[in-house]
Amino acid sequence: MRRPGQLRLRITDGSASARAEAFTKDRITCGRNVVNDIVLDDPKLSGTHFSLELAQDGVRVVDRSSTNGTWFCGGRVSELMLSAGMSFSAGAYRFEILGTDSVEVPVLMASEFQGMHGESTAMREVFARLSRLADTDLDLFVEGETGTGKEMVARALHAASPRSHLPFAVLDCAWLTRNLAEEEIFGHVKGAYTQAHDDAPGCFEEANGGTLFIDEIGELPMDLQPRLLRVLDRREVQRLGERKPRKVDVRVVAATNRDLRQMVANGQFREDLYFRLIEESIRLPPLRERDGDANYLAEVMLTQLSQEVGRELSLTREAREAVKLYAWPGNVRELYKVLRRVSRLAQSPMIGPSDLRLSSVEASERRTGCFELPFSEAVPAFETEYFKRLMVDAGGNLSEAARRSGFTRRALRERLKRHGVYEGAAAVEE
């Protein structure tokens, strides 16, 4: 398959000299911090200032909550789509899009890989990469929004690997307290503390020989990150209360819905651990970017759910259209929850739009609303509505809103202030 895969860019700081560079990635970032693809020593640039994402219709420029902003035609922008010959600026630099080139990437011909399903080329490219990685001993870092199926990637990779008959363990950092995290990772010996009545292995020992999936690694406490780095480098763990380390043979798949580059730039995640984790990485596309997959997955899920409830279920043409138009902010997980509810409650085996109960307001807003405004007005209007709904869904809790959105707390607070949504979050935070 051929898809956009190389960006050609001219960068100038206003002097007579300019440099042209080519990047063979579909998403690159720019800023002062060394984790970026473009590193520029400019005090007006943030640690990670903006990102560039290749798309079929051009290059998407996304400001990463920078302090001094990303600018286009004299106005500050949060996100915009540019084509060849267009330019924007950040700090003291001007960036001109010279063009994009397509690259050939392998895709799996099948629409299923070890329990994962998808007909879109984006997912079949993911399947092809997982198939190649399965026979290696490389660790994997998975990026993706909440509900895209990051744990399914880890399980699929494990099932396709020579380790498939050995343990698969999960460490979910999102729910760990500082003390619990240490014990879950390293384990303890009897007598290590008052309640330690028996020896207990940590997650690395539980997964010994097999695969360990570390979910939401961006939530791991900072003081434990260097200890995790040592485990990843040396492949040995030392239980609490024990002096001698134990060797472990574990393949690690780490995942997050957070922007780790931004967290490194903000001093919230260790740079050395970040570089250790991205030995090999995969980005799971959200369902809205998986052309045609929403209805395909709905069919797959309904086949399974039909067996569970003992009757054959299917979507009407109108329901299929509703599934296609809906944005699915919760991604594959949301789709499954909707269909599972319908399979239990629908009175007819032919499921209609009213059974799905998808947001008609959202569907209409996608056709009208922001889409009727000029681009310069549509983007801020959408962002304001997004952050309002985000805070409502998160119950006004800033930490929960940051987790859902993928922003750090600090970056999200700045966004909320900018759009006049901060007061409620401040009240809850206090």
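Cys73 sits in the loop between strand 7 (70-72) and strand 8 (75-77). Its phi is positive, about 55°, although Cys73 is not a glycine. Cys73 is exposed, because its relative accessible area is 73%, over the 50% cut-off. The model is predicted. The protein has 16 helices and 24 strands.

**Overall build**

- The protein has 430 residues and a radius of gyration of 23 Å; a compact globule with that number of residues would have one near 22 Å, so the two agree.
- Along the principal axes, the C-alpha trace spans about 65 × 65 × 50 Å.
- Buried residues make up 48% of the 430.
- The exposed area of the protein is about 21,100 Å², and carbon and sulfur atoms supply 48% of it.
- Among contacts with a separation of 6 or more, 61% join residues 24 or more positions apart.

**Second largest pocket**

- The second largest pocket holds about 670 Å³ of space.
- Its lining counts 27 residues, and the closest to the pocket centre are Gly147, Thr148, Gly149, Met152 and Arg333.
- Six elements give two or more residues each to this lining: strand 13 (116-117), helix 2 (150-160), strand 15 (168-172), strand 18 (211-215), helix 8 (293-309) and helix 10 (331-345).
- Helix 8 gives the largest share, 4 residues.
- By class, the lining of the second largest pocket has 12 nonpolar, 7 polar and 8 charged residues.

**Leu297 in helix 8**

- Leu297 belongs to helix 8, the element with the largest share of the lining of the second largest pocket.
- Buried or exposed, where does Leu297 fall? Leu297 is buried, because its relative accessible area is 6%, under the 20% cut-off.
- Beyond its neighbours within four places in sequence, Leu297 contacts His117, Leu287, Arg290, Val332 and Leu335.
- Leu297 and Ala55 are 242 residues apart in sequence, and their C-alpha atoms are 23 Å apart in space.

**Helix 5 and its flanks**

- Glu216 lies in the loop between strand 18 and helix 5.
- Glu216 is not a glycine, yet its phi is positive, about 50°.
- Glu216 counts as buried because its relative accessibility is 8%, under the 20% cut-off.
- Helix 5 covers residues 225-234, and its buried residues are Gln225, Pro226, Leu228, Leu229, Val231 and Leu232.
- The cover over these buried residues includes helix 3 (178-186), helix 4 (203-206), strand 18, strand 19 (236-237), strand 21 (251-256) and helix 7 (271-277).
- Arg235 follows helix 5 and has a positive phi, near 55°.

**Largest cavity**

- How many cavities of 30 Å³ or more does a search of the whole structure find? The search finds 1.
- The largest cavity holds about 40 Å³ of space.
- Its lining consists of Asp139, Leu140, Leu232, Val252, Ala254, Arg276 and Leu277.
- Leu232 in this lining is also one of the buried residues of helix 5.
- Strand 21 and helix 7 supply at least two lining residues each, and both elements help cover the buried residues of helix 5.
- The lining of the largest cavity divides into 5 nonpolar, no polar and 2 charged residues.

**Ser405 in helix 14**

- Ser405 is placed in helix 14, residues 398-405.
- Ser405 counts as buried because its relative accessibility is 19%, under the 20% cut-off.
- Outside its neighbours within four places in sequence, Ser405 is in contact with Tyr386, Leu390 and Leu412.
- Ser405 and Asp259 are 146 residues apart in sequence, with 9.9 Å between their C-alpha atoms.

Methods:
Residues numbered from 1 in each chain as written. Predicted model: local features only at pLDDT ≥ 70, side-chain atom pairs only at ≥ 80, totals over all residues. Heavy atoms only, no water. 1 Å grid on protein atoms, 1.4 Å probe; cavity = no way out; pocket = protein on both sides within 12 Å on 5 of 7 lines; lining within 4 Å. Points joined across faces, edges and corners; volume = space filled by probe spheres on them. Nonpolar A, V, L, I, M, F, W, Y, C, P; charged D, E, K, R; others polar. Rg over C-alpha atoms; globule rule 2.2 N^0.38 Å. Buried < 20%, exposed > 50% of the residue type's maximum accessible area, 1.4 Å probe, protein only. Contact = heavy atoms within 4.5 Å. Areas by Shrake-Rupley, 256 points an atom, 1.4 Å probe, with all protein chains shown as cover.
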